[in-house]
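User: I would like to learn how to read individual side chains in a protein model. Could we work through some cases together, step by step?

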Amino acid sequence: MAIDRRNGNAKFADAENAEIFMIDEFSAFEDLGFGGNPGPDCKKIRVHMVHVVKHDGRHKARLVARGHLTETPVCSVCSSGVSLRGIRFLTFVTELNDLEVWATDIGNAHLRSCTQEKVHIVAGPEFGDQQGHTLVIRKASCGLKSSGLRWHERLSDVPRDMGFIPSKAERDIWIRDCGDHCECIAVCVDDLLIASKDPSSIIKTLSEEHKFKLKGTGAVSFHLGCDWFRDDDGNLRCAPHQHIE
């Protein structure tokens, strides 16, 4: 906020307001009001805003739960992701079969799955009229220890419902047999790389049937920190030009 005042703008404040708006839209918290009692088994924790300026100049804010205040789970709660080798192999096979490669990003992925952790906060000034209210966290918020796994479980149901199965080589590459070719979706948390003769149909299913808000959708040009482009011979290549600059 001090940087906003010094620069004479409201870029970070607008980013915070946009984050709070999305939190409300996805019903991430259950509001118990002033002095609300969430019960003895619901641990009180804190949250804070993390700010960033993206590579293209966009200002973003993310409300992050302080998961270090909760008990450590006894099992792995990480969300896995496709490897760089998997992506290279996927695009290689795609090129050999004359398929199109599209990329897309699922917006606000962390708010699309529910948490099993029992935690609550007391709202700060970022929450406007809810300041001072007891808010029980219902969605798998960033920072909670199990949120990665909860999102991975939520997202895995989607390609499975669409008839895809996980690759035996890499479980975050999903494959669907189409007779004369296979369609593939490579998943890295909330970033998808889609290989298909008609990737727009997969995008339509994701947005219309599963209600995902997708960003940066189209023929792959920037994905996971790399620019994707064709050389003078028409070969598909990737290199982190923008990232290095």
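Analyst: Let us begin with one arginine, bearing in mind that this is a predicted model. The side chain of Arg112 reaches the backbone oxygen of Gly107 at a distance of 3.0 Å, and Arg112 itself lies in the loop between strand 5 (100-106) and strand 6 (119-122).

User: Which side chain of opposite charge is nearest to Arg112, and how far away is it?

Analyst: A salt bridge needs the charged atoms within 4 Å. The nearest side chain of opposite charge is Glu25, 7.2 Å away, and Arg112 is buried yet has no salt bridge. Leaving aside neighbours within four places in sequence, the residues in contact with Arg112 include Phe26, Trp151 and Phe212.

User: Is Glu183 buried or exposed, and what does its side chain contact?

Analyst: Buried means a relative accessible area under 20%; Glu183 has 7%, so this residue counts as buried. Glu183 lies in strand 10 (residues 182-188), and its side chain makes polar contacts of 2.6 Å with the side chain of Arg176 and of 2.6 Å with that of Ser196.

User: How is a pair of aromatic rings described?

Analyst: Such a pair is described by the distance of the centres and the angle of the planes. Here the count comes to two aromatic pairs. One of them, formed by Phe29 and Phe127, is edge-to-face, with 5.7 Å from centre to centre and 85° between the planes. This pair links distant parts of the chain, 98 residues apart, with Phe29 in strand 1 (residues 29-34) and Phe127 in the loop between strand 6 and strand 7 (133-137). Phe29 is buried, with a relative accessible area of 17%, and Phe127 is buried too, with 6%.

Key: Residues are numbered from 1 along each chain as its sequence is written. This is a predicted model: local features need pLDDT of at least 70, side-chain atom pairs count only at pLDDT 80 or more; totals for chains, interfaces and linings use all residues. Side-chain values use heavy atoms; hydrogens and water are left out. Helices (H or I, at least four residues) and strands (E, at least two) are DSSP runs, numbered from the N terminus. Buried means under 20% relative accessible area, exposed over 50%, partly exposed in between (1.4 Å probe, protein chains only). Lys and Arg count as positive and Asp and Glu as negative; His and the chain ends are not counted. A polar contact is a pair of N or O atoms within 3.5 Å; within protein, one must be able to donate a hydrogen and the other to accept it, and residues adjacent in sequence count only if both atoms are side-chain atoms. Contact means heavy atoms within 4.5 Å. Rings of Phe, Tyr and Trp (its six-membered ring) pair if their centres lie within 6.5 Å; planes under 30 degrees apart count as stacked, over 60 as edge-to-face and the rest as tilted.
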